[in-house]
Amino acid sequence: MSNLKEALYQQCVDYVAKRMAAAQQGIDEAQQASKDDTKSSAGDKYETGREMAQQETDRNMAQLNEANKLRVALNSISPAATSAIAEAGSVIVTNNGNFYLAISAGTITVEGNSYFAVSAASPIGLKLKGQKAGTEFDLNGKCYKIEKVI
């Protein structure tokens, strides 16, 4: 089962890397647009273009910082670790879906099975964390029964 956990972990790492690359590209493009704008015009149009480029840079910097926080969270997970109690890095199989307790990265498919990558701080993550096989809980009117924790 460690192959499953390693595959899920790697897909989360790839997800974070893509987010970081996209944010960095946005920053680079906004800075280039700001430089190009300085060469071309003067007055109010110049100030507006520069301000918009700065806002775009700031927005992308915020996205880069968020992606970096996800990377830090992933760095604290050991894909090889096993535990009978759901914790960061655990795969939790329930009657209402499979979950990977790591970061919020959406649905990940490994060997034809879907897993929801969820953060321990998310509503479902908070319910899953610390639980073990056989435990039941309700969330948003749905009853979840934990079948196994890997």
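Q: What makes a stretch of this predicted model a strand, so that isoleucine 150 can be placed relative to one?
A: A strand is a DSSP run of type E with at least two residues, and strands are numbered from the N terminus. In this predicted model, strand S6 covers 142-149, and isoleucine 150 lies in the segment after it.

Q: Why is isoleucine 150 called buried?
A: The word buried applies under 20% relative accessible area. Isoleucine 150 has a relative accessibility of 13%, and therefore counts as buried. Its C-alpha atom is separated by 6.8 Å from that of alanine 84, although the two residues are 66 residues apart along the chain.

Q: How many aromatic pairs does a search of the whole structure find, and what makes the pair of phenylalanine 99 and phenylalanine 116 tilted?
A: The search finds three aromatic pairs. In the pair of phenylalanine 99 and phenylalanine 116, the centres are 5.6 Å apart and the planes stand at 40°. Rings pair if their centres lie within 6.5 Å, and planes that are neither under 30 degrees nor over 60 degrees apart count as tilted, so this is the term for the pair.

Q: Why is it said that this pair links distant parts of the chain?
A: Phenylalanine 99 belongs to strand S2 (residues 97-102) and phenylalanine 116 to strand S4 (residues 113-119), with their positions 17 residues apart in the count along the chain. Phenylalanine 99, at 5% relative accessibility, counts as buried, whereas phenylalanine 116, at 35%, counts as partly exposed.

Q: What makes the pair of phenylalanine 137 and tyrosine 144 stacked or tilted?
A: Planes under 30 degrees apart count as stacked. The planes of phenylalanine 137 and tyrosine 144 are at 10°, with the ring centres 5.1 Å apart, so the pair is stacked. Both of these residues are buried, and ring pairs link Phe99, Phe116, Phe137 and Tyr144 into a cluster.

Q: How many disulfides are counted, and what does a disulfide require?
A: A disulfide requires a pair of cysteine sulfur atoms within 2.5 Å, and by this rule the count comes to zero. As for individual cysteines, cysteine 12 is buried at 0% relative accessibility, while cysteine 143 is partly exposed, with a relative accessible area of 36%.

Q: Why do strand S3 and strand S5 stand at the edges of the sheet?
A: The open sheet has six strands in the order S3-S4-S2-S1-S6-S5, with mixed pairing. Strand S3 (106-110) and strand S5 (136-139) each have a single partner strand, so one side of each is left without a neighbour in the sheet. On average, and with direction ignored, neighbouring strands of this sheet are turned by 40° against each other.

Q: How do you know that S5 and S6 count as paired?
A: Pairing needs at least two bridges between the strands, and S5 and S6 have four, in the antiparallel sense. Leucine 139 stands opposite lysine 142 in S6.

Q: What makes up the largest nonpolar core, and which residues touch the most other members?
A: The core has 24 residues, and Leu8, Cys12, Leu74, Val91, Tyr100 and Ile103 touch the most other members. Helix H1 (2-40), helix H2 (44-75), strand S1 (91-94), S2, S3 and S4 each supply at least two residues, and the largest share, eight residues, comes from H1. Leaving aside neighbours within four places in sequence, isoleucine 103 is in contact with several residues, among them Cys12, Leu70, Leu74 and Val118. A second, separate core of twelve residues includes Phe99, Phe137, Leu139 and Val149.

Notes: Residues are numbered from 1 along each chain as its sequence is written. This is a predicted model: local features need pLDDT of at least 70, side-chain atom pairs count only at pLDDT 80 or more; totals for chains, interfaces and linings use all residues. Side-chain values use heavy atoms; hydrogens and water are left out. Buried means under 20% relative accessible area, exposed over 50%, partly exposed in between (1.4 Å probe, protein chains only). Rings of Phe, Tyr and Trp (its six-membered ring) pair if their centres lie within 6.5 Å; planes under 30 degrees apart count as stacked, over 60 as edge-to-face and the rest as tilted. Axes are lines fitted to C-alpha atoms, for helices over the stretch in contact, and angles run from 0 to 180 degrees between N-to-C directions. A nonpolar core is a set of buried Ala, Val, Leu, Ile, Met, Phe, Trp, Tyr and Cys residues joined through side-chain atoms within 4.5 Å. Contact means heavy atoms within 4.5 Å.
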